[in-house]
Amino acid sequence: MIVGKQKSFEEIWDMVRGYKKVLVFGCNTCVAICHEGGSKEAEILGSLLRMKAKQANGDMEIDTGGIERQCEHEYLDQATEAVEGADVILSLACGAGVQFLGEKFPHKTVLPGLNTTFIGVVDAPGEFSERCQMCGDCILHLTGGICPITRCSKSLMNGPCGGSNNGSCEINPDVPCAWHMIHERLEAQGRGHLIDIFIPPKNWITSRAGGPRKQKREDLAT
Amino acid sequence: MSEYKSGSNLEKVLKSGHFAFTGECGPPEGADVEHLKEKAAHLKGCVDAVNVTDNQTAVARMSSWAASLILLQEGLEPNFQMVCRDRNRLAMQSDILGVYSHGVRNMLCLSGDHQRFGDHPEAKNVFDLDSMQLIYTVKTMRDEGKFLSGKEIKVHPKFFIGAACNPFAEPFALRVRRLAKKIAVGADFIQTQCIYNMDKFREFMKQVVDLGLHEKCYILAGITPMKSLGMARYMASKVPGMDVPDSLIERLKGAGKGKVAEEGIRLALEQIEELKEMKGVSGIHLMAIEWEHRVPEIAERAGMLPRPQLS
Amino acid sequence: MQHLKTLLIEVDIDPDRLEMYNLSAAMGPKWAEICTEFTERIKKLGPSPIWWADRDRKTKE
């Protein structure tokens, strides 16, 4: 899922302070799972903004709301009334949702309330870590199901490097060395020889480096 | 000439069976050419080739290629280093052709320290290729005369290709396999991380020799003399992949105040003596960083002088 | 609770103004005690910044 983190209250206040009617709008798919951007978080943020606005002696009306997700037309349709009634929308969706909302209502100012951070997993309640870099050409079958592009700090495809330190990455003892993990996983599965196979230079054209990506299923087109 | 891959001095020395001796010279954090020339002057005549580092520890310095050219002008043979952190394959192939056109003949292909260690931690890193893929690239350009795109190169670069090896990083079991992989992909010579744990290094070399790797690739053992107790402690605890035995620190302590540097050199000389006789080791890579003025003395005491002059 | 108190600090509101107590309907005396204590606490803290802001707005109108 997509993980994000709410911007600091200071930064958010700085963005919305000049407006009269603010809508704090949540998204209830990925960012709700990480407790950063759902309708509930929108209400909490709305409350805080009201408290701040009152003290700042400005005249601000703050509404809150949310939809299932902000990356699909059918859900954004439901937002029309709330959005039209506001001067500015503080969207708590991930970067994709914020932009899609802005595309749907291009005459409205849409602001990002979250910093979208990574595609990851829920290690434990409230703990998330990155797993996928969306390179568009998955090699997990060669590396025992552990992604070196994402989990190796240097994205080495023929690792580990000389800085691998007792299972940790050289940058931080809390970051596991991806190639150490790959080696252990493959050995345990009796596929240790895979690590001796040279993986040639990667074709990055399928990644973001190749330009903004699109995908279409002809059989699903209306 | 066709019997050599590059015709470099280092290659000739190693191929003729001499025990090689290489040094290191880091480019300045500025455009201080005079200081670089001063450092290089100490090394002249004492070593077969000099490593020129590439934004070492992810700190911005004069580029490795520029410093390599300066060294060439000063009459030394550079070991041009390139890391994978700062350049994509286009820039890499371009720089490879560039330095070759100026007479550089040895090249080391390294991953590079992560930029978070350095003075520009906010920078975006590249890592389009990793060190093994870079070795493969240089080999392809040299032996097949082709770019990675498959296009032919008119007048292809003929480098003596080097790589690094760290016998001390865990897991130990992987280290020899990784060395074997680098050799299979095209490394002609290897320089190891500096050695303090001789027991472990002996063990490592035994595995290397068992696999016959020393016959496919020249292995130069890395030596860095300890200048001070502070340096020893720092290396032991703060540098990833470094293995400094407690016995070494004890020995330096025992030397007494003001005598640690001399003891450090003595230790290094003992290591060199043993390494000269160790099966599979073809030379020494001396990393006396910012201590270049002591290299002539070390070379002399280690019996490395005079260096072979081969045509 | 800790989290909510941290949020209140962001908007310059003393976190002591918010507290959570857990008790059953049968704990009458305890309830009275809590009310008294908390009223004292709030009296000591005085009006909140929001109260002052609201008052300032009213005097302006």
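pLDDT is the predictor's confidence in each residue, on a scale from 0 to 100. That matters here since this is a predicted model, where local features need pLDDT of at least 70, side-chain atom pairs count only at pLDDT 80 or more, and totals for chains, interfaces and linings use all residues. Residues are numbered from 1 along each chain as its sequence is written, while chains are lettered from A and ligands numbered from 1 in the order in which they are written.

**Confidence**

For the complex, the predictor gives an ipTM of 0.91 and a pTM of 0.92. Chain C has a mean pLDDT of 92, with 100% of its residues at 70 or more. Helices and strands here are DSSP runs (H or I over at least four residues for helices, E over at least two for strands), numbered from the N terminus. Within chain C, the extremes look like this:

| Element of chain C | Rank among the elements | Mean pLDDT |
|---|---|---|
| α2 (residues 28-45) | highest | 94 |
| α3(C) | lowest | 88 |

**Chain A**

Chain A has eight helices and nine strands. Its radius of gyration, taken over C-alpha atoms, is 22 Å, well over the 17 Å that the globule rule (2.2 Å times the number of residues to the power 0.38) gives for 222 residues, so chain A is more spread out than a compact globule. Along the principal axes, its C-alpha trace spans about 65 × 45 × 25 Å.

An automatic or database domain assignment splits out domain 1 (2-118) and domain 2 (137-209) of chain A. The C-alpha centres of these two domains lie 38 Å apart.

Buried residues (20 or more other C-beta atoms within 10 Å of their own, with C-beta atoms placed from the backbone) make up 38% of the 222 residues in chain A. Two residues count as in contact if their C-beta atoms, placed from the backbone, lie within 7 Å. Take the chain A contacts between residues at least 6 apart in sequence: 55% of them join residues at least 24 apart.

**Who touches whom**

Two pairs of chains are in contact, and chains A and B share the most contacts. Chains B and C don't touch, and their nearest C-alpha atoms are 28 Å apart.

Over at the other pair, eleven residues of chain C are in contact with seven residues of chain A. On the chain C side, α1 (2-10) and α3 (49-60) are the elements that give two or more residues. The biggest contribution to that side comes from α3(C), with six residues. By type, the side of chain C that touches chain A has six nonpolar residues (Ala, Val, Leu, Ile, Met, Phe, Trp, Tyr, Cys and Pro count as such), five charged (Asp, Glu, Lys and Arg) and no polar ones (the others, Gly among them).

Notes:
A residue is buried if 20 or more other C-beta atoms lie within 10 Å of its own, exposed if 12 or fewer, and partly exposed in between; C-beta atoms are placed from the backbone.
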